[in-house]
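Q: Hi, I've just opened this one and would like a quick tour. Can we start with the surface?

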Amino acid sequence: MSVVISGMAVVSCLGTDTGDFTAGLPAGRTPGEPAALARVSEQDDEAFATSRRVRLRERSSVLAVGTVTKLLAGLDLSASPPARRGIVLGSAMASIDSYMIVSKGSLSGAKPYFVDHNRMPPGIMNYTSGQAAVKFDLHGPNVTVTAGRASGLTALTCGRRLVAAGRADIMLAGAFEEVTERRLRIEAAAGRSADGIAAGEGACVFALETADSARRADRPVLAELLATTAGYFATEAEAGATLTRTVERALRQAGVTPAEIRTVVRGTPGPGRLAGQESTVLAALAPDARIVDPASVVGDTWGASSAFGVAAAVAVPEGGLTLVTSIDPDGQVAACLVRPPAASPGDS
């Protein structure tokens, strides 16, 4: 069953509209310092407001739910009952501030339970997806995933499978990440910071449904998700071989050959060892493909990085297939094959 992307919303350092990302990506604009990256607020942006308010207690949730709001501003989901509409969001460090503030209060307070109770709800893993579901009557599958840099592709994999299995008519899938002082300290302590790449933040959310569903609703097909695959490695030395197997499995799943890949979107920023292995693998699999590196424009968005990779594939299609890859230092590997609508069967 063909699952397609019929809607996309992107909030990044390039701007709070998808058009800003589409225009800024090929222009190669470089983000500033973390404090200058995208700063959006539901209270300050009318586009983030609806008749039903939700209690967003942390900025990362504002980024995510605000991006969902922008996506749904251009989509009419009324043809599908609420129980057939779902959402899956991914992030590597969502709610990290809430986790750490509650933990610090429990350890340093007069009693272990003397903590800031307002920080408890945002500390729950599925807080953000739950708030989006409440706000937009998404009564179908509600999922939160975390897989480091691969979180975005993991979310799309989950959403794609739910639609293909008939568990939902439409799934909103994407990832988000915020720049915080705690996040930067954790990344630096773990040696995960990308050398030469500014820390970035933002969110990307996609509408996933079958091609038939999009046609019936008169929604444009932005791209077709041909395959999404994942793999795992135990040591950094195995990352390249794992990525090779993961991409080859995606090619078999889609029934295509490496020669059909026209664009490759790298998901591992910086010149580090993992990025080097990724480049070596991609050069061997698709030597003639154009290479796109969203991190050089929007910064290292960590848990949202592979979602930005898919957004880049949709925003700047070059014809033919686009391969999106991701390698996380903790061992997660993911790959995705995207085909623009002009090359999709039945869309001509």
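A: Sure. Y99, M100 and M125 make up a nonpolar surface patch, with about 260 Å² of accessible area together. Patch members have over 30% relative accessible area and no salt bridge; nonpolar side chains (Val, Leu, Ile, Met, Phe, Trp, Tyr) are joined within 5 Å, like charges within 9 Å. Accessible areas come from the Shrake-Rupley method with a 1.4 Å probe, and for residues only the protein chains shown count as cover. By the way, this is a predicted model: local features need pLDDT of at least 70, side-chain atom pairs count only at pLDDT 80 or more, and totals for chains, interfaces and linings use all residues. Residues are numbered from 1 along each chain as its sequence is written, and side-chain values use heavy atoms, leaving out hydrogens and water.

Q: Where is M125 found?
A: In the loop between α3 (96-108) and α4 (127-136). Helices (H or I, at least four residues) and strands (E, at least two) are DSSP runs, numbered from the N terminus.

Q: Buried or exposed, that M125?
A: Partly exposed, with a relative accessible area of 45%. Buried means under 20%, exposed over 50%, and partly exposed is in between (1.4 Å probe, protein chains only).

Q: New topic: how many salt bridges are there?
A: A search of the whole structure turns up 13. A salt bridge here is a side-chain nitrogen of Lys or Arg within 4 Å of a carboxyl oxygen of Asp or Glu. One of them pairs R149 with D300, at 2.6 Å from N to O.

Q: What parts does that pair tie together?
A: R149 is in the loop between β3 (142-145) and α5 (151-164), and D300 is in the loop between α10 (295-298) and α11 (305-315), so the pair ties together parts 151 residues apart in sequence. Both R149 and D300 are buried.

Q: And where do D212 and R215 lie?
A: Both are in helix α7 (residues 211-216), three residues apart, about one turn of the helix. Their salt bridge has its closest N and O atoms 3.0 Å apart. D212 is partly exposed, at 46% relative accessible area.

Q: Which residue does R273 form a salt bridge with?
A: E236, with the closest N and O atoms 2.8 Å apart. That pair links distant parts of the chain, 37 residues apart: R273 is in helix α9 (residues 273-285), E236 in the loop between β6 (223-232) and α8 (239-254). R273 counts as exposed at 64% relative accessibility, while E236 is partly exposed at 29%.

Q: Last one: how many helices and strands in the chain?
A: Eleven helices and ten strands. Of the 348 residues, 56% count as buried.
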